[in-house]
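Here is a set of exercises to work through with the model open in your viewer. Try each task before you read the solution below it.

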Amino acid sequence: MTELAAAKAALKTQAVETPSWAYGNSGTRFKVFAQQGVPRTPVEKLDDAAKVHEFTGVAPTVALHIPWDKVDDYAALAKHAEQRGVKLGAINSNTFQDDDYRLGSICHPEASVRRKAVDHLLECVDIMDATGSADLKLWFADGTNYPGQDDIRGRQDRLAEGLAEVYERLGDGQRMLLEYKLFEPAFYTTDVPDWGTAYAHCLKLGPKAQVVVDTGHHAPGTNIEFIVATLLREGKLGGFDFNSRFYADDDLMVGAADPFQLFRIMYEVIRGGGFTPDVAFMLDQCHNIEAKIPAIIRSVMNVQEATAKALLVDGDALGAAQRGGDVLEANAVLMDAYNTDVRPLLREVREEMGLDPEPLAAYRASGWASKIVAERVGGEQAGWGA
């Protein structure tokens with residue numbers, strides 16, 4: 001098989017999970033701008049997600065966020081997803097939008113609050129059982145704002161204890177994906193601030209616990225591909241939350257701010273054997289001022305383009321240059337792949353998959369945007385207020 005044919009075959013197997021919350025209204029800390037046609041229910045979110053998969057062919061699963069996507073019958077919700085051509089993916093917990101969590105959730109100094117938080121995580125595992133989801137994704141807003149506010153080591157002990165209880169509840173084929181965040185909303189200490197902390201907890205928990213790398217959760221200048229390479233080397237990379245940022249956790253469209261970084265990340269994924277279903281490619285974005293569905297389609301396409309370029313890196317030439325200490329040639333090999341216009345290649349891939357070669361144009365021509373604006377009138381739109 002030629003290099004080009006191998007790249008095309010790999011691209012046809014790619015899967016990018018879209019987040020239910022990206023289809024709802026969102027905004028900054030100051031204002032949420034509502035849009036017409038935004039889903040009002042989890043069912044309508046799945047309908048929109050199905051359109052993304054219909055036109056891209058590589059977005060077969062949808063992540064849920066509990067309680068934002070809480071329903072009475074999760075099995076029925078999973079059935080609706082399958083009827084629309086998609087499946088339910090990761091179950092995301094929420095331990096940050098309750099007044100009880102002002103001083104933390106799973107790390108809170110009060111036992112009753114910790115119990116409430118852990119019970120919610122266990123509820124999420126119950127939902128996984130009902131939906132057939134394999135991944136429980138955890139992010140904690142826990143931390144402190146002032147020196148002396150709480151015991152730093154004690155909070156780590158509480159974190160470990162809570163995670164261990166949830167870990168023991170996981171069934172066969174299920175896993176826990178632990179996310180980290182440099183700061184916010186805690187500004188003095190954050191209980192899971194970096195990949196090292198997440199890795200340490202996952203290592204102690206066992207093989208069902210793995211780390212999620214969010215591309216927006218790092219200090220400026222952080223070499224994210226080094227983190228990716230290290231976690232892959234240790235067998236602890238569970239997946240990505242893809243977004244883009246200019247300052248902090250902006251949750252902008254992946255590849256918007258630094259497409260070269262996304263390419264470098266995907267190269268390390270491929271180089272390290274991570275281009276498999278064991279490493280989840282998930283979007284975690286909030287589309288505040290742009291139309292939701294087109295932005296998600298564009299994000300999926302950005303991941304595809306970065307992946308295609310990474311697949312075209314001449315590994316033999318790169319290895320030879322590295323072994324020979326030819327610094328400029330090694331860099332040139334990477335840049336040659338990055339500077340390749342892969343859009344014609346991806347158009348061919350889509351046509352071979354029976355798809356329209358231009359997903360965004362196909363979506364716009366489908367009439368779905370006008371349909372949902374006309375039909376989704378009344379009720380309460382999904383989203384979060386500010």
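The exercises below use a predicted model, and each one comes with a worked solution.

**Exercise 1. The nonpolar core**

Find which residues of the largest nonpolar core touch the most other members, and find which helix gives this core its largest share.

Solution.
- Step 1: Start with the hubs. The largest nonpolar core has 86 residues, and Leu163, Phe240 and Phe242 touch the most other members.
- Step 2: Sort the members by element. Helix 9 (residues 292-311) supplies the largest share of this core, eight residues.
- Step 3: Look for anything left over. Apart from the largest core there is another one, of 10 residues, including Leu312, Val342, Leu346 and Val349.
- Step 4: Put it in context. In soluble globular proteins, nonpolar side chains tend to be buried together.

**Exercise 2. Strand 9 and its partners**

Work out how many residues of strand 9 are buried, and trace how the chain gets into this strand and out to strand 10.

Solution.
- Step 1: Check burial against the cut-off of under 20% relative accessible area. Six of the six residues of strand 9 (residues 237-242) pass, so the strand is largely enclosed by the rest of the structure.
- Step 2: Take the strand 8 side. Strand 8 (residues 209-214) pairs with strand 9 in the parallel sense, over four bridges, and Val211 has Leu237 as its bridge partner in strand 9.
- Step 3: Follow the chain between these two. From strand 8 the path goes through helix 7 (residues 224-233) to strand 9, a right-handed β-α-β crossover.
- Step 4: Now the strand 10 side. Strand 9 and strand 10 (residues 280-283) run parallel and are joined by four bridges; Phe240 has Phe281 as its bridge partner in strand 10.
- Step 5: Follow the chain again. It leaves strand 9, passes through helix 8 (residues 259-271) and reaches strand 10, and this β-α-β crossover is right-handed.
- Step 6: Zoom in on Phe240. Leaving aside neighbours within four places in sequence, its contacts include Val212, Val213, Val228, Ile265, Val269 and Phe281. Phe240 also belongs to an aromatic cluster with Phe242, Phe275 and Phe281.

**Exercise 3. Rings and charges**

Classify the ring pairs Trp195/Tyr199 and Phe260/Phe263, then find which charged end sits over the ring of Phe260.

Solution.
- Step 1: Recall the two descriptors. A pair of aromatic rings is described by the distance of the centres and the angle of the planes.
- Step 2: A search of the whole structure gives 12 aromatic pairs. For Trp195 and Tyr199, the centres are 6.5 Å apart with 50° between the planes, which makes the pair tilted.
- Step 3: Place that pair. Trp195 and Tyr199 are four residues apart in helix 6 (residues 195-205), so about one helical turn separates them. Trp195 is partly exposed at 24% relative accessibility, while Tyr199 is buried at 18%.
- Step 4: For Phe260 and Phe263, the values are 5.9 Å centre to centre and 15° between the planes, and the pair is stacked. These two are three residues apart in helix 8, so they too are separated by about one helical turn.
- Step 5: Compare with the burial cut-off. Phe263 counts as buried at 1% relative accessibility, and Phe260 is partly exposed at 24%.
- Step 6: Look over the Phe260 ring. The charged end of Arg264 sits there, 4.8 Å from the ring centre. Elsewhere, Lys116 lies over the face of Tyr101, at 5.5 Å from the ring centre.

**Exercise 4. Backbone oddities**

Locate the cis peptide bonds at Pro67 and Pro185, and say what is unusual about phi at Glu184.

Solution.
- Step 1: Set the baseline. Most residues other than glycine have a negative phi, and most peptide bonds are trans.
- Step 2: Ile66 and Pro67 are joined by a cis bond with omega about 15°. Pro67 is in the loop between strand 2 (61-65) and helix 3 (74-83).
- Step 3: Glu184 and Pro185 are also joined by a cis bond, with omega about 5°. Pro185 sits in the loop between strand 6 (175-179) and strand 7 (189-190).
- Step 4: Glu184 has a positive phi of about 75°, although it is not a glycine. Glu184 is buried, with a relative accessible area of 14%.

Conventions: Residues are numbered from 1 along each chain as its sequence is written. This is a predicted model: local features need pLDDT of at least 70, side-chain atom pairs count only at pLDDT 80 or more; totals for chains, interfaces and linings use all residues. Side-chain values use heavy atoms; hydrogens and water are left out. A nonpolar core is a set of buried Ala, Val, Leu, Ile, Met, Phe, Trp, Tyr and Cys residues joined through side-chain atoms within 4.5 Å. Buried means under 20% relative accessible area, exposed over 50%, partly exposed in between (1.4 Å probe, protein chains only). Contact means heavy atoms within 4.5 Å. Two strands pair if DSSP finds at least two bridges between them. A crossover is right-handed if, with the strands pointing away from the viewer, the path from the first strand over the helix to the second runs clockwise. Rings of Phe, Tyr and Trp (its six-membered ring) pair if their centres lie within 6.5 Å; planes under 30 degrees apart count as stacked, over 60 as edge-to-face and the rest as tilted. A charge sits over a ring if NZ of Lys or CZ of Arg is within 6 Å of the ring centre and within 35 degrees of the ring normal.
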